[in-house]
Amino acid sequence: MNEHLHEHAVIPRTDEEKDKVMNRLKRIEGQIRGIQKMVEEDRYCVDILVQISAVQSALKNVGYSVTERHMKHCVTDAINKGEGETSIEELMAVLKQFSK
């Protein structure tokens, strides 16, 4: 899946959109560091697993957010240009990976 329809976003993300995603990713990064510390401190396995689950959920939510934006902007633009089928196939391939 090395071919992409667009090298860059059709409509660039606003600063607000970027900030929202970046803040979420930074929180996730902090959670990961917290899990690393828990492992180093030999914390209870179940506590570590709960934190891992929280990170997975947070990442999934970021993915949903990016997917929604992609559908509203990139896929819609591709459909309007008559390239909808290719764009939808590309998105479906990614969603299949995302749901594994």
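This text walks through a predicted model, taking two of its helices, the loop between them and one pocket in turn.

The walk begins with helix α1, which covers residues 15-40. At 1.5 Å a residue, the 26 residues of α1 should span 38 Å, and the end C-alpha atoms of α1 are 37 Å apart, so the expected and actual spans agree. Four residues of α1 are listed as buried: Val21, Ile28, Ile35 and Met38. These buried residues pack against α2. Gln36 also belongs to α1. Its relative accessible area is 46%, and because exposed means over 50% and buried means under 20%, Gln36 is partly exposed. Gln36 can also be placed relative to Pro12: the two are 24 residues apart in sequence, and their C-alpha atoms are 35 Å apart in space.

Next comes the link to the second helix. Asp42 lies in the loop between α1 and α2, just after the end of α1. What is the sign of phi at Asp42, positive or negative? Phi at Asp42 is positive, about 55°, although Asp42 is not a glycine. For background, most residues other than glycine have a negative phi. Asp42 is also open to the surroundings in terms of accessible area: with a relative accessibility of 69%, Asp42 counts as exposed, because the cut-off for that class is over 50%.

Helix α2 follows, running over residues 45-80. The same length check can be made here. At 1.5 Å a residue, its 36 residues should span 52 Å; the C-alpha atoms at the two ends of α2 are 51 Å apart, which agrees with that expectation. Helix α2 has a bend of about 40°, placed at Met71. Just after α2, Gly82 has a positive phi of about 80°.

Which residues of α2 are buried? They are Ile48, Val55, Val62, Gly63, Thr67, Arg69, Cys74, Val75, Asp77 and Ala78. The buried residues of α2 pack against α1, and also against α3, which covers residues 84-98.

Three residues of α2 can be looked at one by one. Ala78 sits in α2 and has a relative accessibility of 0%, so Ala78 counts as buried. From Ala78 to Ile88 there are 10 residues in sequence, and the distance between their C-alpha atoms is 8.9 Å. Gly63 is likewise part of α2; at 13% relative accessibility Gly63 is under the 20% cut-off and therefore counts as buried. Gly63 and Leu95 are 32 residues apart along the chain, with 9.6 Å between their C-alpha atoms. Val50, a third residue found in α2, has a relative accessibility of 48% and so counts as partly exposed. Its C-alpha atom is 9.8 Å from that of Ile35, a residue 15 positions away along the chain. Ile35 is one of the buried residues of α1.

The last stop is the second largest pocket, which holds about 210 Å³ of space. Its lining consists of Arg13, Glu17, Lys20, Val21, Ser65, Val66, Glu68, Arg69, Lys72 and His73. Which helices each supply at least two residues of this lining? Both α1 and α2 do. The largest share, 6 residues, comes from α2. Sorted by class, the lining has 6 charged, 2 polar and 2 nonpolar residues. Two names in the lining have been met before: Val21 is among the buried residues of α1, and Arg69 is among those of α2.

Taken together, the parts described here connect as follows. The buried residues of α1 pack against α2, while those of α2 pack against α1 and α3. Asp42 is in the loop between α1 and α2, and these two helices each give at least two residues to the lining of the second largest pocket.

Definitions and conventions. Residues are numbered from 1 along each chain as its sequence is written. This is a predicted model: local features need pLDDT of at least 70, side-chain atom pairs count only at pLDDT 80 or more; totals for chains, interfaces and linings use all residues. Side-chain values use heavy atoms; hydrogens and water are left out. The expected span of a helix is 1.5 Å times one less than its number of residues. The bend at a residue is the angle between axes fitted to the seven residues ending there and the seven starting there. Buried means under 20% relative accessible area, exposed over 50%, partly exposed in between (1.4 Å probe, protein chains only). Contact means heavy atoms within 4.5 Å. On a 1 Å grid over the protein atoms alone, a cavity is a set of points where a 1.4 Å probe fits but cannot get out, and a pocket is an open set with protein on both sides within 12 Å along at least five of seven lines; lining residues have an atom within 4 Å of a point. Grid points are joined across faces, edges and corners, and a volume is the space filled by probe spheres set on the points. Ala, Val, Leu, Ile, Met, Phe, Trp, Tyr, Cys and Pro count as nonpolar, Asp, Glu, Lys and Arg as charged, and the others, Gly among them, as polar.
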